[in-house]
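Q: Please examine the structure below and explain the reasoning behind the terms used to describe it.

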Amino acid sequence: MSSEHSVLKQLHPLIRPYVEMVLRKGNVGVCMGNLRISDVKSGPTLTQTKEPCGDRFKIYIPFAGDSLKWEVIFDSCQPSNPPDFIFLGENGNFDPDIEKLENLTDWDPKNPESLVLVIEDLMREYRCYQKQLIEGYSRLQFEYSSLQGLEACDDVEVHMGNRLPGTLDSPVNFLIRLPIDLSPIPQYLVKDDPGEDLAVLLAKFHNTEGLRVTPQLFLSPKVEHALGDNTALRIPRFPTGGCLLDYVPQVQDFLQKQIDYIVEEYQRRREYVAAFISRFGGSVLEYDAESFTKLSLVLEWNEFFFVLHIELPSRFPQDMPVFTFQSCYHLSKTNGEPFVSVQKSYPYSPRWTGEEMAHRARLFILDTIPQFQKVSVSSTKL
C-alpha cells in the first residue's frame with residue numbers, strides 16, 4: 001500500500017477529496033515539486049463513528065531548495081468549513097493578510113480543488129513575505145532584483161533560512177528556473193520521458209553577504225536522460241566576488257552548448273551512416289536508423305565473403321568508429337564463434353566529412369582484408 005493511499009484512508013470522507021486533489025495536482029513553485037502529506041490526526045468529535053475522522057495533517061511544500069512545513073486543520077464535525085493553517089518552524093512569523101486569500105475567504109466546499117487553490121494563494125503571499133525579508137540586505141536585494149526580466153531566468157524563488165548558530169546571519173537560497181528547449185534533441189533520447197523540460201539552478205548563499213556561494217543544478221528526468229545526470233554535467237564554478245546576474249547566463253549558455261553538442265553529434269553520425277549507405281548500398285546488412293550508432297555490411301573480396309560491423313562511439317566524431325571484421329566461414333579456435341578482427345586504429349580525422357570517411361574506410365578495408373583472410377584461415381577451428 002502506498003503512503004499516499006495510507007494517508008487518504010485516515011481522512012474523513014468529506015475532507016479526503018481536497019487532500020486527494022492536493023496530491024494529484026498540487027505541483028507548486030519553480031521546481032514544480034510534489035506536495036507531501038503526513039501525520040494525519042483526528043480532532044475532538046461529538047459522536048462515535050466507524051468511519052475515519054482524520055481532519056488535520058502536516059503538509060510539506062518544496063520551496064527554493066528547502067521544504068516548508070505547515071499544519072492544515074479542518075473540523076470533522078463541520079467538514080465543509082474552510083481549514084485553518086499553522087505555519088511551523090522558521091515560518092512562524094509568516095502572517096498573511098487573509099483578505100488576499102480569496103479562495104480561503106470564498107471557500108467553495110463543493111470544489112475538490114479548493115484546498116489546492118488556497119495553497120497557491122498562500123504560496124503567492126509567502127513569496128512576497130520572503131522578498132520583504134531580504135529587503136534589509138543590500139547584497140540579497142541586488143541579486144534578486146537583477147534577476148527580474150533576465151532572459152536566462154524564467155522564474156526565481158528566494159528563501160531565508162534559520163539563523164546560523166551563534167550568529168545573527170542566515171543562509172539564503174535562490175532557486176532559479178532556467179529556460180531550456182529540448183525540441184532540437186533527437187526524439188529517441190526523450191521519447192520515453194514525456195515529462196516537462198525543466199532545469200533549475202540552486203544558488204546557496206551561506207550568509208547574507210554572499211561571501212561564499214554554492215551552486216547546484218537540478219534537471220527533470222526528461223532533461224537528465226537527454227543531457228546526462230547533473231553529477232556528470234560540470235557547471236561553471238561560481239566565481240569569487242561574482243553575482244547571479246553574470247553567473248546565471250553562464251549556466252544557461254552551458255546547457256545550450258550541451259544541447260548543441262548532442263544535436264551536432266547526432267547529425268554527424270547520421271551523415272556518416274548515410275555516406276556508407278550511399279557508397280555500399282547493396283552491401284548493407286543492417287543499420288541503426290534511430291540513433292545511427294551501428295552499421296553492418298556484407299562485403300566480398302576475391303570471392304571471400306565477410307561482414308564488417310561498424311560501431312560509432314558516444315564521442316563521435318572526436319573518437320573514431322570501431323571496425324570489426326567477421327569471417328563468414330571460419331570459427332575461432334578459442335571459443336568456437338565466428339572469427340573476428342577488431343580495428344581501432346586506422347587513417348581518420350574528425351574534421352573529415354562523412355563522405356570522406358566512407359572513402360578512406362574503403363581504402364583501409366582493401367588494404368586490410370588480404371591479411372584478415374589469411375589470419376582467419378590459419379585460426380580456423382577444425
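Q: Which residues line the largest cavity?
A: In this predicted model, the lining of the largest cavity consists of Tyr-272, Pro-321, Phe-323, Tyr-346, Pro-347, Tyr-348, Trp-352, Met-357, Arg-360 and Ala-361. Helix α8 (residues 354-378) contributes the most to this lining, with three residues.

Q: What makes this space a cavity, and what is its volume?
A: A space is called a cavity when a 1.4 Å probe fits in it but cannot get out. The largest cavity has a volume of about 40 Å³. The search of the whole structure, with a threshold of 30 Å³ or more, finds one cavity.

Q: How do the residues of the lining of the largest cavity divide by class?
A: Nine are nonpolar, none is polar and one is charged. Arg counts as charged, while Ala, Met, Phe, Trp, Tyr and Pro count as nonpolar; Arg-360 is among the residues of the lining.

Q: What is known of the second largest pocket, and which residues are the closest to its centre?
A: The second largest pocket holds about 190 Å³ of space. It is lined by 13 residues, of which Tyr-188, Leu-189, Ile-262, Glu-265 and Arg-269 are the closest to its centre. At least two residues of the lining come from each of α6 (221-227) and α7 (244-280). By class, the lining comprises seven nonpolar, four polar and two charged residues.

Q: Why is the contact of Lys-58 with Asp-39 called a salt bridge?
A: The closest N and O atoms of Lys-58 and Asp-39 are 3.8 Å apart. A salt bridge requires a side-chain nitrogen of Lys or Arg within 4 Å of a carboxyl oxygen of Asp or Glu, so the pair qualifies. The two residues belong to distant parts of the chain, with Lys-58 in strand β2 (residues 56-63) and Asp-39 in strand β1 (residues 36-41), 19 residues apart.

Q: Is Lys-58 buried or exposed, and on what grounds?
A: Lys-58 has a relative accessibility of 15%. Buried means under 20%, so Lys-58 counts as buried. Its partner Asp-39, at 41%, counts as partly exposed, because that value falls between the 20% and 50% limits.

Q: What makes the backbone of Asp-39 notable?
A: Asp-39 has a positive phi of about 55 degrees, although it is not a glycine.

Q: Which other residue has a positive phi, and how do you know that it is exposed?
A: Glu-303, which is likewise a residue other than glycine, has a phi near 65 degrees. Glu-303 is found in the loop between β10 (294-301) and β11. Its relative accessibility is 69%; exposed means over 50%, so Glu-303 meets the criterion.

Q: Which residues are linked in a network of salt bridges?
A: Asp-121, Arg-124 and Glu-125 are linked in this way. In one of these contacts, the side chains of Arg-124 and Glu-125 meet at 3.4 Å, N to O. Arg-124 is partly exposed at 37%, whereas Glu-125 is buried at 13%.

Q: Why can the pair of Arg-127 and Asp-155 be said to tie together separate parts of the chain?
A: The closest N and O atoms of Arg-127 and Asp-155 are 2.9 Å apart in a salt bridge. Arg-127 lies in helix α4 (residues 114-134) and Asp-155 in strand β5 (residues 155-160), so the pair joins parts that are 28 residues apart in sequence. Asp-155 counts as partly exposed, at 28% relative accessibility.

Q: How many salt bridges does a search of the whole structure find?
A: The search finds 15 salt bridges.

Q: What makes Tyr-329 eligible for a surface patch?
A: Tyr-329 has a relative accessible area of 44%, which makes it partly exposed. Patch residues need over 30%, so Tyr-329 satisfies that requirement. Tyr-329 is located in strand β12 (residues 322-331). With Leu-285, Val-298 and Phe-305, Tyr-329 forms a nonpolar patch that has about 360 Å² of accessible area together.

Q: Which peptide bond is cis, and what is its omega?
A: The bond from Phe-316 to Pro-317 is cis, with omega near 10 degrees. Pro-317 lies in the loop between β11 (304-311) and β12.

Key: Residues numbered from 1 in each chain as written. Predicted model: local features only at pLDDT ≥ 70, side-chain atom pairs only at ≥ 80, totals over all residues. Heavy atoms only, no water. Patch = residues over 30% accessible without salt bridge, like charges linked within 9 Å, V, L, I, M, F, W, Y side chains within 5 Å. Areas by Shrake-Rupley, 256 points an atom, 1.4 Å probe, with all protein chains shown as cover. Helix = DSSP H or I, 4+ residues; strand = E, 2+ residues; numbered from the N terminus. Buried < 20%, exposed > 50% of the residue type's maximum accessible area, 1.4 Å probe, protein only. 1 Å grid on protein atoms, 1.4 Å probe; cavity = no way out; pocket = protein on both sides within 12 Å on 5 of 7 lines; lining within 4 Å. Points joined across faces, edges and corners; volume = space filled by probe spheres on them.
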